[in-house]
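Visitor: I am new to reading protein models. Could you take me through this one, step by step?

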Amino acid sequence: MATVASGALVTLEELVPSSPYFKHGVSLRVTGKLQDYNVGTAVAVIVDRNASLEIDTRHLNLNLRVGSIFQFIGELHLEPGHEAILKARVGRNVDGMDLNLYRQSLQLLRDFQAGQLNS
């Protein structure tokens, strides 16, 4: 039986070519505000601060509304020219989530995990 990797928690700002998460096929969990959605291609664009990411939503049964906050889990695919698109396998609306508090808690989680590895 094949196993499915859990999505590594990352912010959109971390998805740059120098990041260890910026690899073809890596499983990620990303969160952002839906900026655009193309029904014909099923490609959504989410943004957080100054970063954005395209999301392939063709395998999801999800009501996507521009302006809402969404979280997606899927695999990152790198297109020519280092264009990235997340092929989502899970998506959910997380309206009401405080993105600033989410980023702070993610940093605290990472600090805790680093401390556990060092002890």
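Guide: Start with charge. Lys and Arg count as positive, Asp and Glu as negative, while His and the chain ends are not counted. Each charge is placed at NZ of Lys, CZ of Arg, CG of Asp or CD of Glu. Here the protein chain has 11 positive and 12 negative side chains, and the centres of the two sets lie 5 Å apart. This is a predicted model: local features need pLDDT of at least 70, side-chain atom pairs count only at pLDDT 80 or more, and totals for chains, interfaces and linings use all residues. Residues are numbered from 1 along each chain as its sequence is written, and side-chain values use heavy atoms, without hydrogens and water.

Visitor: What pattern does the protein chain follow along the sequence?

Guide: Helices (H or I, at least four residues) and strands (E, at least two) are DSSP runs, numbered from the N terminus. This protein chain has one helix and six strands, in the order β-β-β-β-β-β-α.

Visitor: How many residues count as buried, as a percentage?

Guide: Buried means under 20% relative accessible area, exposed over 50%, partly exposed in between (1.4 Å probe, protein chains only). Of the 119 residues, 37% are buried.

Visitor: Which residues touch the most other members of the largest nonpolar core?

Guide: Such a core joins buried Ala, Val, Leu, Ile, Met, Phe, Trp, Tyr and Cys residues through side-chain atoms within 4.5 Å. This one has 20 residues; Val30, Ile46, Leu53, Ile55 and Phe72 touch the most other members. Strands S2 (27-38), S3 (43-48), S4 (51-56), S5 (69-79) and S6 (83-93) each supply at least two core residues.

Visitor: What is Val30 in contact with?

Guide: Contact means heavy atoms within 4.5 Å. Beyond its neighbours within four places in sequence, Val30 contacts residues including Val10, Ile46, Phe72 and Leu86.
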